[in-house]
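Got the viewer open? Let's take a walk through this one, stop by stop, with something to select at each.

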Amino acid sequence: MFHEKLDEFPKKFLWGSASAAYQVEGAWDEDGKGESIWDRYVKIPGKTFKESTGEVAVGHYHRYKEDVALMAEAGLKAYRFSVSWSRILPTGSGDINEAGLKFYENLIDELLRHNIEPILTLYHWDLPLALQDKYGGWEDRQIIEDFVNYAEILFKHFNGKVKYWVSLNEQNVFISHGYLAASHPPNVSDMKRMYQANHNAFLANAATIKRFRELNIQGIIGPSYAYSPTYSLDSDPLNQLAAENHKVFNEYLWMDVYVKGEYPDVAVEYLKKNDLLPEITDEDLLLLTEGIPDFMGVNYYQTSTIAQNKIDGVGQGEVNYSGKKGTTEENGIPGLYKVVKNEKVEQTNWDWNIDPEGLRIGLRRIQSRYDLPILITENGLGEYDELESDGSIHDKYRIDYLRTHIIAIQEAITDGVEVLGYCTWSFTDLLSWLNGYQKRYGFVYVDRDEEDEKELKRYKKDSFYWYKEVIKSNGNNLS
């Protein structure tokens, strides 16, 4: 729909940015921290761009005060960060590492001193290595008890200071990449194991939300879902059917379980017929209904355009982690769907669709199907940035990207969607997982590359000053 005038953003709208512990902190083995599955995975030759690791990352562990001061200068209302489980519990359970807990307490206190709302993510992919070695991590139901125990430590310690909690970040990504594509730890390609690990993650999420409420923790809690809304390639009925399949297996399979506590019927039938259905007990189904979130966290970067894929069709294709535009291959699930290029939108150098209207569409779909408030927990542009000799970085392309997506959010709000806030990805540059340090997302340039960490000096990009004005005007000044 078109509007003559857009509604203003809510007065308490959370204008923020986001990060993840492994991507920014560094200090991977300092102050009693245990190893995570990523600390091991990145040492496998050929898994990351130029063998890059997060051992130093961008040094946030030692420079958090400097980074928070920059956030305050930009006027951030919120900062979403994750806690490293193995920094709190080095072996995943047992005794608390007080030094690790103190780091996050210091970070939260620093944010609050600058009137920045902390949004704490309990899990952003860095499972303690000890639990992976002990019982296979997410593939074993023991993970449910261990995750709730870890979460309860943080709930009790930060109750009253943290009002916004994210339970699991992008379960659909860390499960599918870790257990199907073998592009994340634990480096597995087995669909049967993937669906069992996924079910255990659902149970851990629900049990944690249930415990949050039993403890009467102040605030709200929900998962962050990596949402790529589905388009059909065209009006061909078979492509439309493939798009419906994609919705079931890449939207409803995840969000229905979070919000309704049940798997979609079409997905269950497919999993049964292909011997992929995980072990699901009556107790599981009850637990899922007891852990309904307060909001849906949405990480949005792009849409997915879908075409039919016959039984002998394409499977896992090569993904562009190099930044060489046009190298992504078609991929899909034979018999269900395949993801194809959308000729109607531009793509980044990493072949991600630039589609702000897709964000509006996605927000509308979530509002319609689930009737929950939405917190946009990630949205941003990863691109090459150039540090000029005078210390400036002219990233107009990032400003243009964020501006159009903010307008899409405002349009969705005008449509009637309740949006709590908007966290860009990311505040500073960071390690982009498999992409190394060349793929930059931040408002603050961190001077390092894959071979040389240099001094990790911070430089404000043009987008830093632009976002500062956006926040100051509560979204009214996007020029």
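Start by selecting Phe9, Phe13, Trp15, Tyr422, Phe427, Phe443, Phe464, Tyr465, Trp466 and Tyr467: together they form one aromatic cluster. Keep in mind as you look around that this is a predicted model.

Now keep just Trp466 and Tyr467 from that group. Their rings make a stacked aromatic pair, with 6.3 Å from centre to centre and 25 degrees between the planes. Buried or exposed, these two? Trp466 has a relative accessible area of 7%, so it counts as buried. Tyr467 is buried too, at 1% relative accessibility.

For another kind of pairing, pick Tyr445 and Tyr459. This aromatic pair is edge-to-face, with 70 degrees between the planes and 6.5 Å between the centres. Tyr445 sits in strand β15 (residues 444-446) and Tyr459 in strand β16 (residues 458-460), so to speak a link between distant parts of the chain, 14 residues apart. Both Tyr445 and Tyr459 are buried. In total, the structure holds 41 aromatic pairs.

**Into the core**

Next, select Leu120, Trp138, Leu154, Trp165 and Ile409. These are the residues with the most contacts inside the largest nonpolar core, which has 151 residues. As a general point, nonpolar side chains in soluble globular proteins tend to be buried together.

Zoom in on Ile409. What does Ile409 touch, not counting residues up to four places away in sequence? The list is Phe9, Phe13, Leu359, Leu363, Ile376, Val419 and Tyr422. You have already met Phe9, Phe13 and Tyr422 in the aromatic cluster.

**Two helices side by side**

Colour helix α7 (residues 142-158) and helix α9 (residues 191-214). They pack at an angle of about 35 degrees, and their axes are 9 Å apart. The crossing of α7 past α9 is right-handed. To see where they meet, show side chains: α7 brings Ile143, Ile144, Phe147, Val148, Ala151, Glu152 and Phe155, while α9 brings Asn200, Leu203, Ala204, Ala207, Thr208, Arg211 and Phe212. Sorted by class, this contact has 10 nonpolar, 2 polar and 2 charged residues. An α-helix has 3.6 residues a turn, so residues three or four places apart point the same way.

**A covered helix**

Move on to helix α8 (residues 171-179). How many of its 9 residues are buried? The count is 7, which makes α8 mostly covered. Select Gln171, Asn172, Val173, Phe174, Ile175, Gly178 and Tyr179 to see the buried ones. The elements covering them include β3 (117-123), α6 (129-135), β4 (164-169), α9, β5 (220-226) and α10 (237-260).

**Unusual backbone spots**

Before this stop, a general note: most residues other than glycine have a negative phi, and most peptide bonds are trans. With that in mind, go to Pro185 and Pro186, which are joined by a cis peptide bond with omega of about 10 degrees. Pro186 is in the loop between α8 and α9.

A cis bond also runs from Trp425 to Ser426, with omega near 5 degrees. Ser426 belongs to the loop between β14 (419-425) and β15. In the loop between β14 and β15 you can also find Trp433, whose phi is positive, near 45 degrees. Trp433 is buried, with a relative accessible area of 10%.

Follow the chain to Lys454, in the loop between β15 and β16. Its phi is positive as well, near 50 degrees. At 41% relative accessibility, Lys454 counts as partly exposed.

**Two loop residues to finish**

Select Glu279, in the loop between α11 (265-273) and α12 (282-289). Its relative accessible area is 49%, so Glu279 is partly exposed. Leaving out residues up to four places away in sequence, Glu279 touches Arg141, Gln196, His199 and Asp284. Try a distance label to Ser167: the two C-alpha atoms are 23 Å apart in space, and the residues 112 apart in sequence.

Last stop: Lys310, in the loop between β8 (304-307) and β9 (331-333). Where Glu279 was partly exposed, Lys310 counts as exposed, at 60% relative accessibility. Apart from its neighbours within four places in sequence, Lys310 is in contact with Pro334 and Gly335. Add a label to Ala242 as well: it is 68 residues from Lys310 along the chain, with 9.9 Å between their C-alpha atoms.

Note on methods: Residues are numbered from 1 along each chain as its sequence is written. This is a predicted model: local features need pLDDT of at least 70, side-chain atom pairs count only at pLDDT 80 or more; totals for chains, interfaces and linings use all residues. Side-chain values use heavy atoms; hydrogens and water are left out. A nonpolar core is a set of buried Ala, Val, Leu, Ile, Met, Phe, Trp, Tyr and Cys residues joined through side-chain atoms within 4.5 Å. Buried means under 20% relative accessible area, exposed over 50%, partly exposed in between (1.4 Å probe, protein chains only). Contact means heavy atoms within 4.5 Å. Axes are lines fitted to C-alpha atoms, for helices over the stretch in contact, and angles run from 0 to 180 degrees between N-to-C directions. Helices (H or I, at least four residues) and strands (E, at least two) are DSSP runs, numbered from the N terminus. A crossing is left-handed if the near helix is turned anticlockwise from the far one by less than a right angle, and right-handed if clockwise. Ala, Val, Leu, Ile, Met, Phe, Trp, Tyr, Cys and Pro count as nonpolar, Asp, Glu, Lys and Arg as charged, and the others, Gly among them, as polar. Rings of Phe, Tyr and Trp (its six-membered ring) pair if their centres lie within 6.5 Å; planes under 30 degrees apart count as stacked, over 60 as edge-to-face and the rest as tilted.
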